[in-house]
Amino acid sequence: MAATGGSVYSYKYFTVHFPAARPYVAHVEINRPEKLNAFIEPMWLEMRQVFDQLSSDSSVRAIVLTGAGSKAFTAGLDVKQAPQVLSSDKGGSDTARNAVNIRRYILQFQDCLTAIERCEKPVIAAMHGYSYGFAIDISAAADVRICTRDVHLSVKEVDIGMAADIGVLSRLPKIVGNFGWVKEVALSARIFGAEEAHRVGFVNSIHDSKEVMVGAALDIASLIAQKSPVAVQGTKELLNWSRDHPIAEGLRYTAVWNSAAIQTGDVSTALMAGIEKRTPTFEKL
């Protein structure tokens with residue numbers, strides 16, 4: 001159990017740390033290493049709770065997400081314990097009613113993943129070892145991705161007889177900007193490594209070990225956490241909005257957002273700190 005400010009973090013499948021030397025940084029760890037951090041339903045439901053709580057925690061300004069153990073960020077979904085929604089009899093023999101139940105289930109699952117993207121705080125996904133299937137969904141919903149040199153990545157869903165439906169097919173093309181490459185890896189489920197992921201722009205940097213990678217992720221988070229939380233939150237919101245809308249709509253949304261946000265005292269605080277050559281201190285948000 002960890003706590004920061006007035007918030008307590010106690011979860012079964014995730015650990016949340018607050019490194020003492022890194023103010024305003026949260027380190028979230030997927031914690032099922034004995035199963036390569038493979039996800040079962042309670043885990044993705046809990047993941048939404050974790051990121052929703054972090055989103056509103058004024059003592060947090062940046063988040064690092066890693067996987068426990070030496071072998072995997074996450075091996076994806078635990079197919080042995082996956083819920084049997086497809087064989088559910090909630091709809092009886094009626095196809096339409098079965099479809100409604102499955103659609104509701106998928107939408108809930110998608111929302112658990114989207115909790116990472118809609119989190120007000122930037123999320124840095126640091127991947128090592130096996131990073132299959134749901135690992136790509138998770139990291140694609142994050143804001144920044146880095147990895148170890150020995151990472152093994154795969155959009156794995158076609159290997160279990162289905163199209164990926166939790167988010168990767170929507171997000172990955174917008175991250176790498178190479179639709180042909182996305183189609184290749186999604187249609188084939190082939191494994192690709194760190195160098196290829198870096199070449200296409202999926203990850204920002206490659207590191208020689210998990211320890212070094214986690215340190216690098218915490219360094220990025222610490223740098224972000226030093227900035228105005230008003231500015232950081234706005235930048236994430238505006239980048240995500242503009243990604244999904246035409247330029248003219250993005251510019252208009254930015255103007256509306258900043259018409260309120262630039263009235264913050266953080267602007268003068270940052271300017272004065274620059275003039276005085278010191279690190280600014282910002283109020284919690």
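The following exchange introduces this predicted model through its domains, its cavity and pocket, its salt bridges and two residues of one strand.

Colleague: Into which domains is the protein chain divided?

Modeller: The model under discussion is predicted. The C-alpha centres of the two parts, domain 1 and domain 2, lie 27 Å apart. The protein chain is divided into domain 1 (14-226) and domain 2 (229-276).

Colleague: How many residues of domain 1 are in contact with domain 2, and how many of domain 2 take part?

Modeller: Contact here means heavy atoms within 4.5 Å. By that criterion, the contact involves 11 residues of domain 1 and seven residues of domain 2.

Colleague: Where does the largest cavity lie with respect to domain 1 and domain 2?

Modeller: The count of cavities of 30 Å³ or more comes to one, and the largest cavity holds about 100 Å³ of space. Its lining consists of S58, V60, R61, E120, K121, I224, P229, V232, Q233 and L285. Because domain 1 (14-226) and domain 2 (229-276) both give residues to this lining, the largest cavity lies between them.

Colleague: Which helix gives the largest share of the lining of the largest cavity?

Modeller: By class, the lining of the largest cavity has five nonpolar, two polar and three charged residues. Three residues of the lining, the largest share, come from one helix, namely α8 (residues 229-243).

Colleague: Where does the second largest pocket lie with respect to the domains?

Modeller: The second largest pocket has a volume of about 400 Å³. It is lined by 19 residues, and A142, D143, K236, L239 and N240 lie nearest its centre. Both domain 1 (14-226) and domain 2 (229-276) give residues to the lining, so the second largest pocket lies between them.

Colleague: Which element supplies the largest share of the lining of the second largest pocket?

Modeller: The lining divides into 10 nonpolar, two polar and seven charged residues. At least two residues each come from α3 (134-141), β9 (144-148), α4 (168-176) and α8. The largest share of the lining of this pocket, seven residues, comes from α8.

Colleague: How many residues apart in sequence are the parts that the pair R118 and D52 ties together?

Modeller: Side chains of opposite charge can pair when their charged atoms come close. The structure has 17 salt bridges, and in one of them R118 pairs with D52, the closest N and O atoms being 3.7 Å apart. Since R118 lies in helix α2 (residues 95-118) and D52 in helix α1 (residues 41-55), the pair ties together parts that are separated in sequence by 66 residues.

Colleague: How do R118 and D52 count in terms of accessibility?

Modeller: Partly exposed residues fall between the limits of 20% and 50% relative accessible area. R118 has a relative accessibility of 37% and therefore counts as partly exposed. D52, at 34%, likewise counts as partly exposed.

Colleague: What is the N to O distance in the salt bridge of R190 and E184?

Modeller: R190 is partly exposed, with a relative accessible area of 25%. E184, at 38% relative accessibility, also counts as partly exposed. The side chains of R190 and E184 meet in a salt bridge with an N to O distance of 2.6 Å.

Colleague: Which residues are linked with R243 and D244 in a network of salt bridges?

Modeller: The side chains of R243 and D244 meet in a salt bridge of 2.9 Å, N to O. R243 is partly exposed at a relative accessible area of 33%, and D244 is partly exposed at 38%. The residues linked with R243 and D244 in a network of salt bridges are E117, R171 and K174.

Colleague: What distance separates the C-alpha atoms of Y130 and A75?

Modeller: Y130 lies in strand β8 (residues 130-132) and counts as partly exposed at 35% relative accessibility. Beyond residues up to four places away in sequence, Y130 touches L36, K71, A72, F73, T74, A75 and H152. Y130 and A75 are 55 residues apart along the chain, and their C-alpha atoms are separated by 5.4 Å.

Colleague: Is S131 buried or exposed?

Modeller: S131 has its place in strand β8. Leaving aside neighbours within four places in sequence, S131 is in contact with F73, T74, I136, V151, H152, L153 and S154. With a relative accessible area of 0%, S131 is buried.

Methods
Residues numbered from 1 in each chain as written. Predicted model: local features only at pLDDT ≥ 70, side-chain atom pairs only at ≥ 80, totals over all residues. Heavy atoms only, no water. 1 Å grid on protein atoms, 1.4 Å probe; cavity = no way out; pocket = protein on both sides within 12 Å on 5 of 7 lines; lining within 4 Å. Points joined across faces, edges and corners; volume = space filled by probe spheres on them. Helix = DSSP H or I, 4+ residues; strand = E, 2+ residues; numbered from the N terminus. Nonpolar A, V, L, I, M, F, W, Y, C, P; charged D, E, K, R; others polar. Domains from an automatic or database assignment. Salt bridge = Lys/Arg side-chain N within 4 Å of Asp/Glu carboxyl O. Buried < 20%, exposed > 50% of the residue type's maximum accessible area, 1.4 Å probe, protein only.
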